[in-house]
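Let's take a look inside this protein. Here is the model, followed by a short tour of its interior.

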Amino acid sequence: VQASTLLLYDSQVQVTSPRDAGRQLCASSHSDMKRGSEDMADVESGATGPASFAFRMLFASKDAGTIIGKGGVNIKSIREQSGCSVSIADNQPGQVERLTTITGTSSGIGQAVALALTVLDEDPQAQAAALGAPAERTLRCVLSNNAVGRVIGKAGASVKQIRETSGATIKMDSEGQQDRIVSIGGTKDAVVSALQLILEIVAMM
């Protein structure tokens, strides 16, 4: 079974491992996320539709290149189909992951991630390695301590329900000063289902 990892990250930090990336991002991304939230609040002022917000993930550098596609064709399609803003940080020497920021409604972000995973599944090298077996995915997201508390719920009731409904595994990294890493693992369908439930919780904050 092939494993593909999606991670959250700050594009200005040099990293050597996914765990280092998560630790460094916790300290560096909080102010950027706050500014992004404030910007989206201005955009959504007076709007009657679902609120938009920014959600950040890290893709392995190779996967990020696949998602972008030749001449940007893949990322353009993801943007058009999901209705979201999707940006991937430039590749920097020494970095093994690239920051991806998706801005839109909870349903739009979920669709954008599903489309990105489909692009990865359809990559010829990924298909050859998978040998017909469903690819296992790990999606790592950075959420504020407050958001993680909402996802966990009272006595863990909320995260338990998400696990049972989606069939995905969900793990929280140790508590940081401002942010925590939430890892979602399983098949593409399970990961997207769990992510959608988490996005709906975040959107209500």
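A residue is called buried under 20% relative accessible area, exposed over 50% and partly exposed in between, using a 1.4 Å probe and protein chains only. T100 counts as buried because its relative accessibility is 2%. T100 sits in strand β4; strands (E, at least two residues) and helices (H or I, at least four) are DSSP runs numbered from the N terminus.

This is a predicted model, where local features need pLDDT of at least 70, side-chain atom pairs count only at pLDDT 80 or more, and totals for chains, interfaces and linings use all residues. Residues are numbered from 1 along each chain as its sequence is written, and side-chain values use heavy atoms, with hydrogens and water left out.

T100 also helps line the largest cavity, along with F59, I67, I78, V86, I102, A112 and A116. β4 (97-104) and α5 (106-121) are the elements giving two or more residues to that lining. A cavity is a set of points on a 1 Å grid over the protein atoms alone where a 1.4 Å probe fits but cannot get out, and lining residues have an atom within 4 Å of a point.

Now for the nonpolar core, meaning buried Ala, Val, Leu, Ile, Met, Phe, Trp, Tyr and Cys residues joined through side-chain atoms within 4.5 Å. The largest one has 41 residues, and L143 is among those with the most contacts inside it. Helix α9 (residues 188-203) gives the most, nine residues.

Here are contacts (heavy atoms within 4.5 Å), leaving aside neighbours up to four places away in sequence:

| Residue | In contact with |
|---|---|
| T100 | F55, R56, M57, F59, V86, S87 and I88 |
| L143 | F55, V148, V151, Q178, D179, R180, V182, I198 and V202 |

Definitions and conventions:
1 Å grid on protein atoms, 1.4 Å probe; cavity = no way out; pocket = protein on both sides within 12 Å on 5 of 7 lines; lining within 4 Å.
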